[in-house]
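Morning, everyone. Have the sequence and the picture open while I talk. I'll go strand by strand, then helix by helix, and finish at the ligand.

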Amino acid sequence: MEKVLVLIKPDGMQKVIVGNVLNLFLVNDVKLIAMKLVKPSTRLAQNHYQDLKGKTFFKEIVEYLEGRFHDDAPVVAMVFEGRNIVKRCRDIAGATNPEEASPRSVRGKYGRITTKGLYENVVHVSSSNEEARREIALWFKKNELIPKESK
Ligand code: ADP
C-alpha cells in the first residue's frame, strides 16, 4: 500500500493547531501508521531538503524545520497509508505558496508568507512515491511503523 510522509512544521506547533491540521488529513480510507515529535538536527533537515540545495531559500527552510523561527518548536512527523495517498495528502495540504493555496486547504487556512519572503506553510507532504520512501526512511525506523496485522 502507498505511504506518505507528512510533517506538521514548527509553525503548526507554535500556533497550537496540530489537532486541527491532523483532523484535515484523517479522512476516509487514510490510515495513520506512525507519529512522533522530532527536534530535527541540521543534518536531518538538510537531508530532508536535499533536492533544494541550490535554492536561495535553502538555508531558511532548514532553519525553519529546525524550529529556529518558532521558539524551538518541534516537528510532528507522521506516516499515512492509503490508495493514491501522496496525491490525496498533497491536495489536503494545498499549494506551496499559501496565498495561492485553496482557502479550504491546510496551507490556505493556516499558512502565511513572512516579511522576509519565506513560505510558512505549516505542513510538508512528500512529492512522489519515490520521495515518500526516501523521506520515511530518513525520519522513521522500520519498527516505528504499525505493521499490517495490527492496523
Ligand atoms: P512543497 O513543500 O510544496 O513540496 P518545495 O519542496 O518546493 O514545496 O519547497 C519546500 C519548502 O520551501 C516549502 O514548503 C516552503 O516552506 C519553502 N518554499 C518553497 N518555495 C519557496 C519560495 N519561492 N519562497 C519561499 N519559500 C519557499
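Which residue is the bridge partner of Lys36 in β3? It is Ala77. Keep in mind that this is a predicted model.

Let's stay with that pairing. Strands β2 and β3 run antiparallel, and seven bridges join them. β2 covers residues 31-38. β3 covers residues 75-81.

Now look at the other partner of β3. Strand β1, residues 3-8, also pairs with β3 in the antiparallel sense, over six bridges. Two pairs to find on screen. Leu5 stands opposite Val79. Ile8 has Val76 as its bridge partner.

How covered is β3? Seven of its seven residues are buried. Here is a rule to help you read that. In a regular strand, side chains alternate between the two faces of the sheet. Now go to the residues themselves. On one side of β3 sit Val75, Ala77, Val79 and Glu81. On the other side sit Val76, Met78 and Phe80. Both sets are buried, so both faces of β3 are covered.

Back to β1. Five of its six residues are buried. β1 also pairs with β6, running antiparallel, with three bridges. Ile8 turns up here too: it stands opposite Val123 in β6. Thus Ile8 faces Val76 in β3 and Val123 in β6.

Next, the end of β3. Gly82 lies in the loop between β3 and α5, residues 85-93. Is Gly82 buried or exposed? Buried, because its relative accessible area is 4%, and the cut-off for buried is under 20%. Gly82 and Val4 are 78 residues apart along the chain. Their C-alpha atoms are separated by 8.8 Å. Leaving out residues up to four places away in sequence, Gly82 touches Met1, Glu2 and Asp29.

Asp29 deserves a stop of its own. Asp29 is in the loop between α2 and β2. Its phi is positive, about 60 degrees, although Asp29 is not a glycine. Asp29 counts as exposed, because its relative accessibility is 64% and the cut-off for exposed is over 50%.

Val16 is another non-glycine with a positive phi, near 55 degrees. Find Val16 in the loop between α1, residues 10-14, and α2. Val16 is exposed as well, with a relative accessible area of 70%.

Between those two loops we have helix α2, residues 18-25. Which of its residues are buried? Val18, Val21, Leu22 and Phe25. Look down the axis of α2. Those buried residues fall within an arc of 100 degrees, so they line one face of the helix.

Now helix α4, residues 58-66. Seven of its nine residues are buried, so α4 is largely enclosed by the rest of the structure. The buried ones are Phe58, Ile61, Val62, Glu63, Tyr64, Leu65 and Glu66. What covers them? The cover includes β1, α1, α3, β3, β5 and α7. Just after α4 comes Gly67, with a positive phi of about 90 degrees.

Last stop: the ligand. How many residues surround the ligand? The count is 13. The closest are Lys9, Thr96, Arg107, Tyr119 and Asn121.

Take the polar distances one at a time. From a ligand oxygen to an N or O atom in the side chain of Thr96 is 2.5 Å. For the side chain of Arg107, the distance is 3.1 Å. Tyr119 uses its backbone: a polar atom there is 2.8 Å from a ligand oxygen. Taken alone, the ligand exposes 530 Å², and the protein buries 80% of that.

Asn121 closes the tour. Asn121 sits in the loop between β5, residues 119-120, and β6, residues 123-125. Asn121 counts as buried, because its relative accessibility is 3%. Among the residues Asn121 touches are Lys9, Thr96 and Arg107, and these also belong to the group closest to the ligand. Tyr64 is another contact of Asn121, and Tyr64 is one of the buried residues of α4. Asp11, Pro98 and Gly111 are on the contact list too.

That's my tour. Over to you for questions.

How values were computed:
Residues are numbered from 1 along each chain as its sequence is written. Side-chain values use heavy atoms; hydrogens and water are left out. Helices (H or I, at least four residues) and strands (E, at least two) are DSSP runs, numbered from the N terminus. Buried means under 20% relative accessible area, exposed over 50%, partly exposed in between (1.4 Å probe, protein chains only). Contact means heavy atoms within 4.5 Å. The arc is that of the directions from the helix axis to the C-beta atoms. A residue is near a molecule or strand if one of its heavy atoms lies within 4 Å of it. A polar contact is a pair of N or O atoms within 3.5 Å; within protein, one must be able to donate a hydrogen and the other to accept it, and residues adjacent in sequence count only if both atoms are side-chain atoms. Accessible areas come from the Shrake-Rupley method with a 1.4 Å probe; for residues, only the protein chains shown count as cover. Two strands pair if DSSP finds at least two bridges between them.
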